[in-house]
Amino acid sequence: MKVLLGWELGGGQGHIQRLVALAQMLESYGLEPVFALKSYNIKGIDFPYQIVFAPRLPFYGRKESYTFADILENFGFGNACILRSHLEAWRSVLQQLKPSLIIADHAPGLVLAAYGFVPTVAIGECFTVPPPVDVFPILRFPAPPESVWRQEQVSNTVREVVKFDAPLGQILNGDASFIFGIPELDPYQHLRRNDQYVSLHVTPIPGNLHRADGPAWAYLADNYPQRTMVLQTLRPQCEFKPLSEVLEGKSLAIHNGGLTTAITCLLAGIPQLVLPMHLEQQLNCAALSRLGVATAIAQPTWENLLVGQAQAYALTQNAQQQAESLARWNQNFMEVVVETCLKFTDITNGV
């Protein structure tokens, strides 16, 4: 039996890393993983799996988003012709492969295409697994009136194309969903209904990774406009290895605000200097700041980078205290996800 693992929106390695971790576990139960990914720029992991064409979405280029629906509209989900064509392309993939299960990580088009046809487990970070509501909350203020229009347009278009009269958020959660995050960093926490948080696929994080006199470490996107200035000003190490290895002996983590990196540093008790680029990263950054474990810089200059670095180092004690208080999330919940996946395929022996 085949399991199709898909990803179509967003950036970063976290989507691929999660899907590969699940594929490795499901393969041991006899399932055959097949991948359809937005990008195959795969770093630091073995990838021996079959790859199929993943339908591409257009990008309208609007920079500012205020709700999850804004992001969907920016990729054509508010246009019935585009969405219908996209879902037909995904259904051609499903007809070709005939998977017994789909695992979708920030792949709303794949979830919609499979809805009612193939059992689908939606996974992702807090932001990318929306709550089961029809009107998504505003996450950046002030939101213009056009954002409300885009929300209505997306909801109406999905209803027209998919022909299921259910809240959009409920549809996008598939037949089951898992949030690879923690409630403390979830902008939708107040709208969740018995949702399953499973922390990070890289947990547990080893203890005692922080070292006060150690170097700083940075993980910044290649397309981050100020990347060179940050690296030249702060001189951090920039190794790309598993986080449990690369954070060992570090005094500070400098990154754009991806959730996997943010929570790993949080659970390790390492203070953070966050330089967000997109809405999701800004939300993660705000949550880390509220917890008192990170300093944020929206528009870095050499001067405010040095000030921000000093402010972040001053948060070390609180970062270590937060790591202790959140230790319940520093365990591996992957078997919970796998157990649910196997139930959809009737493979339950040994689980």
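# Close-up views of a predicted model

**Figure 1. The largest nonpolar core and the residues at its most connected points.** In the largest nonpolar core, which has 61 residues, the members that touch the most other members are L19, L26, F35, I103, I123, L185 and L247. The model shown in this and the following views is a predicted one. L26 can serve as an example: apart from its neighbours within four places in sequence, L26 is in contact with V3, L31, I103, V338, C341 and L342. Of these partners, I103 is itself listed among the core members that touch the most others. A second core, separate from this one, has 45 residues, and F75, W90, L110 and V111 are among them.

**Figure 2. Helix α13 and the elements that cover its buried residues.** Within α13 (334-344), the residues M334, V337, V338, T340, C341 and L342 are buried. The cover over these buried residues includes the helix α1 (14-27), together with β4 (101-105), β5 and β6. Three of the buried residues named here, V338, C341 and L342, are also contacts of L26, so that this view can be read alongside the previous one. After α13 comes D346, a residue whose phi is positive, near 65°.**Figure 3. A salt bridge between distant parts of the chain.** R328 forms a salt bridge with E184, and the closest N and O atoms of the pair are 2.5 Å apart. The two residues stand 144 residues apart, with R328 in the loop between α12 (316-325) and α13, and E184 in the loop between β6 and β7. R328 counts as partly exposed because its relative accessible area is 43%, and E184 is likewise placed in the partly exposed class, with a relative accessible area of 25%. The structure as a whole holds 14 salt bridges.

**Figure 4. Further salt bridges and a network of shared partners.** D213 pairs with R211 in a salt bridge whose closest N and O atoms lie 2.9 Å apart. D213 is exposed, because its relative accessibility is 62%, whereas R211, with a relative accessible area of 43%, is partly exposed. In another salt bridge, K241 is joined to E239, the closest N and O atoms being 3.2 Å apart. K241 is partly exposed at 43% relative accessibility, and E239 is partly exposed with a relative accessible area of 34%. Elsewhere, R62, D70, E73 and R150 are joined into one network by salt bridges that share partners.

**Figure 5. The cavity and the residues that line it.** The count of cavities of 30 Å³ or more comes to 1, and the largest cavity holds about 80 Å³ of space. Its lining is made by F68, A104, H106, A107, P108, V111, A122, I123, T128, V129, P130 and L172. The elements that contribute two or more residues to this lining are α4 (108-114) and β5. By residue type, the lining of the largest cavity divides into 10 nonpolar and 2 polar residues, with no charged ones. Among the lining residues, I123 also appears in the largest nonpolar core, and V111 belongs to the second, separate core.

**Figure 6. Two cis peptide bonds that precede prolines.** The peptide bond from F141 to P142 is cis, and its omega is near -5°. P142 has its place in the loop between β5 (120-124) and α5 (145-162). The peptide bond from T203 to P204 is also cis, with omega near 0°, and P204 is found in the loop between β6 (176-179) and β7 (216-219).

**Figure 7. Loop residues with positive phi.** K163, a residue other than glycine, has a positive phi near 65°, and K163 lies in the loop between α5 and α6 (168-172). K163 is classed as exposed because its relative accessible area, 66%, is over 50%. N208, again a residue other than glycine, has a positive phi near 60°, and its position is in the loop between β6 and β7. With a relative accessible area of 79%, N208 is exposed as well.

Note on methods:
Residues are numbered from 1 along each chain as its sequence is written. This is a predicted model: local features need pLDDT of at least 70, side-chain atom pairs count only at pLDDT 80 or more; totals for chains, interfaces and linings use all residues. Side-chain values use heavy atoms; hydrogens and water are left out. Helices (H or I, at least four residues) and strands (E, at least two) are DSSP runs, numbered from the N terminus. Buried means under 20% relative accessible area, exposed over 50%, partly exposed in between (1.4 Å probe, protein chains only). A nonpolar core is a set of buried Ala, Val, Leu, Ile, Met, Phe, Trp, Tyr and Cys residues joined through side-chain atoms within 4.5 Å. Contact means heavy atoms within 4.5 Å. A salt bridge is a side-chain nitrogen of Lys or Arg within 4 Å of a carboxyl oxygen of Asp or Glu. On a 1 Å grid over the protein atoms alone, a cavity is a set of points where a 1.4 Å probe fits but cannot get out, and a pocket is an open set with protein on both sides within 12 Å along at least five of seven lines; lining residues have an atom within 4 Å of a point. Grid points are joined across faces, edges and corners, and a volume is the space filled by probe spheres set on the points. Ala, Val, Leu, Ile, Met, Phe, Trp, Tyr, Cys and Pro count as nonpolar, Asp, Glu, Lys and Arg as charged, and the others, Gly among them, as polar.
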